[in-house]
Amino acid sequence: MTGRPTVGILANPASGRDVRRLAARAGLSTLESKRNQVMRAVIGAAAGGAERIVVPKDPLRVAVGAVEGLAVQVDVETIDVGARHAADDTRRAAQRMRELGCDVLIVLGGDGTNRAVAQGWPAPPIVAIPATTAGLAAGLVASHAVALAEVATRAKVVRFGATGEAEDLALIDAVHLIDDDAGNLMPFDAERIRTIVLTRADPAGVGVSPIGGLLEPCGPEDEFGVLGRCTSHDEGGRALLVPISPGLFRRVHVGEARRLALGESVTVEGSGVLALDGDRERPLSPGRALRLRVVREGPLAIDVGRTMAVAARLGAMVDRPVPRDTLGQLPGCC
């Protein structure tokens, strides 16, 4: 630990660029837009009081390319974890940032990226984009201008594992699919969904979250999760029309949707695959059983709006200096 207010920035080069977005109707996130987000996050963090920024090297030079030549009065440290376009890159980078004493992490990526962060650092203080205000909130918390305890909420996660094995986690959803394969990147086939365990069930969401949310809504602040049991179309259940991917609607036949008490166990058995936050990762062999439960043991999610409201109440932005050498050099980034 250095004692200097330190913010780590993790930008997943692959997020928003996979075939699932092409197979549905979602736009692609360009590398240049990611670099611009990183630049804005750095400037915001410096404005909030961060004195040190830590970014990882990656093969596409997203974060490193963003900070090279960036004229902001803050020390930028790059770390090399041997990134090779794998989910484990993010996990190892988060672990290293914890070791280096980062006070807050800014994460640019989706649910899978945040899950990898939580695997490397089980309960990190994290803040998400929009970049400029996210960076500002991260800097205010890292510099203790705003207290972490006042603006962060411990997230729920799905813990799962077989008897006698170490548990893994999902941040938003764990889905048991039959007749599917690990590594498949296409949108979920609704007929293959059997069991869903959700930490959040959003009726306005896209993906598997609204399968629960349209029948049993659940927000991040609710002290329960949601269990969904699905069937094939010829086995009955309610035929629920769901946006399974951006611009892609399917009928999902739901036999059961109910609240799941925190800590309550659900068992799924193979064969098939377990998808975690959208990624099919865990093959299930016939007869193999996994126990799943929703618990509030996840990252400390920093609320940007709440952070800025507290900053306003405290006058934290009054007479705060402008980050040096940003105005005029990076139009549109500040």
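Is D168 buried or exposed? At 13% relative accessibility, D168 counts as buried. That makes a good doorway into this predicted model, because the cut-off for a buried residue is under 20% relative accessible area. We will come back to the partner of D168 after a look at the whole chain.

**The chain as a whole**

Welcome to a protein chain whose secondary structure comes to nine helices and 18 strands. Its C-alpha atoms fill a box of roughly 65 × 40 × 40 Å along the principal axes. For 334 residues, a compact globule would have a radius of gyration near 20 Å, and the value of 21 Å for the protein chain agrees with that.

Two figures describe how the chain packs. Buried residues account for 51% of the 334 residues. If you take the contacts between residues at least 6 apart in sequence, 68% of them join residues at least 24 apart.

The surface and the charges can be put just as briefly. The accessible surface of the protein chain is about 14,500 Å², and carbon and sulfur atoms hold 50% of it. There are 39 positive and 40 negative charges, and their mean positions lie 1 Å apart.

**Salt bridges**

Side chains of opposite charge can pair when their charged atoms come close. In this model the count comes to 25 salt bridges. Here are three of them, with the separation of the closest N and O atoms.

| Pair | N to O distance |
|---|---|
| E68 and R61 | 2.6 Å |
| R115 and D168 | 3.0 Å |
| R313 and E150 | 2.6 Å |

What are the places of R115 and D168 in the fold? R115 lies in helix α5 and D168 in strand β8 (residues 168-170), so this pair ties together parts that are 53 residues apart in sequence. R115 is buried, with a relative accessible area of 3%, and D168, as we saw, is buried at 13%.

The bridge between R313 and E150 links two helices. R313 lies in α9 (residues 304-314) and E150 in α7 (residues 148-151), so the pair ties together parts that are 163 residues apart in sequence. R313 is exposed, with a relative accessible area of 56%, whereas E150 is partly exposed at 34%.

In the bridge between E68 and R61, E68 is partly exposed with a relative accessible area of 47%, and R61 is partly exposed with 37%. Elsewhere, D88, D89, R91 and R92 are linked in a network of salt bridges.

**Around helix α5**

How many of the ten residues of α5 are buried? Seven of them are, which leaves this helix (residues 111-120) mostly covered. The buried residues are T113, N114, R115, A116, V117, A118 and G120. R115, the partner of D168, is therefore one of the covered residues of α5, at 3% relative accessible area.

**A buried arginine without a bridge**

R194 makes an interesting contrast to R115. R194 sits in strand β10 (residues 193-198) and is buried, yet has no salt bridge. Which side chain of opposite charge is nearest to R194? It is E235, at 4.3 Å. A salt bridge needs a side-chain nitrogen within 4 Å of a carboxyl oxygen, so the cut-off is what to keep in mind here. Leaving aside residues up to four places away in sequence, R194 touches H176, I178, G228, R229, C230, T231, S232 and E235.

**Two more sites to look at**

V55 belongs to strand β2 (residues 52-56). With 0% relative accessibility, V55 counts as buried. Beyond residues up to four places away in sequence, V55 touches I9, A63, V67, V76, E77, T78, I79 and M97. From V55 to T90, which is 35 residues away in sequence, the C-alpha to C-alpha distance is 11 Å.

P246 is in the loop between β12 (238-245) and β13 (248-261). At 33% relative accessibility, P246 counts as partly exposed. The C-alpha atoms of P246 and G207 are separated by 7.9 Å, with their positions 39 residues apart along the chain.

Terms used:
Residues are numbered from 1 along each chain as its sequence is written. This is a predicted model: local features need pLDDT of at least 70, side-chain atom pairs count only at pLDDT 80 or more; totals for chains, interfaces and linings use all residues. Side-chain values use heavy atoms; hydrogens and water are left out. Helices (H or I, at least four residues) and strands (E, at least two) are DSSP runs, numbered from the N terminus. The radius of gyration is taken over C-alpha atoms; the globule rule is 2.2 Å times the number of residues to the power 0.38. Buried means under 20% relative accessible area, exposed over 50%, partly exposed in between (1.4 Å probe, protein chains only). Contact means heavy atoms within 4.5 Å. Accessible areas come from the Shrake-Rupley method with a 1.4 Å probe; for residues, only the protein chains shown count as cover. Lys and Arg count as positive and Asp and Glu as negative; His and the chain ends are not counted. The place of a charge is taken as NZ of Lys, CZ of Arg, CG of Asp or CD of Glu.
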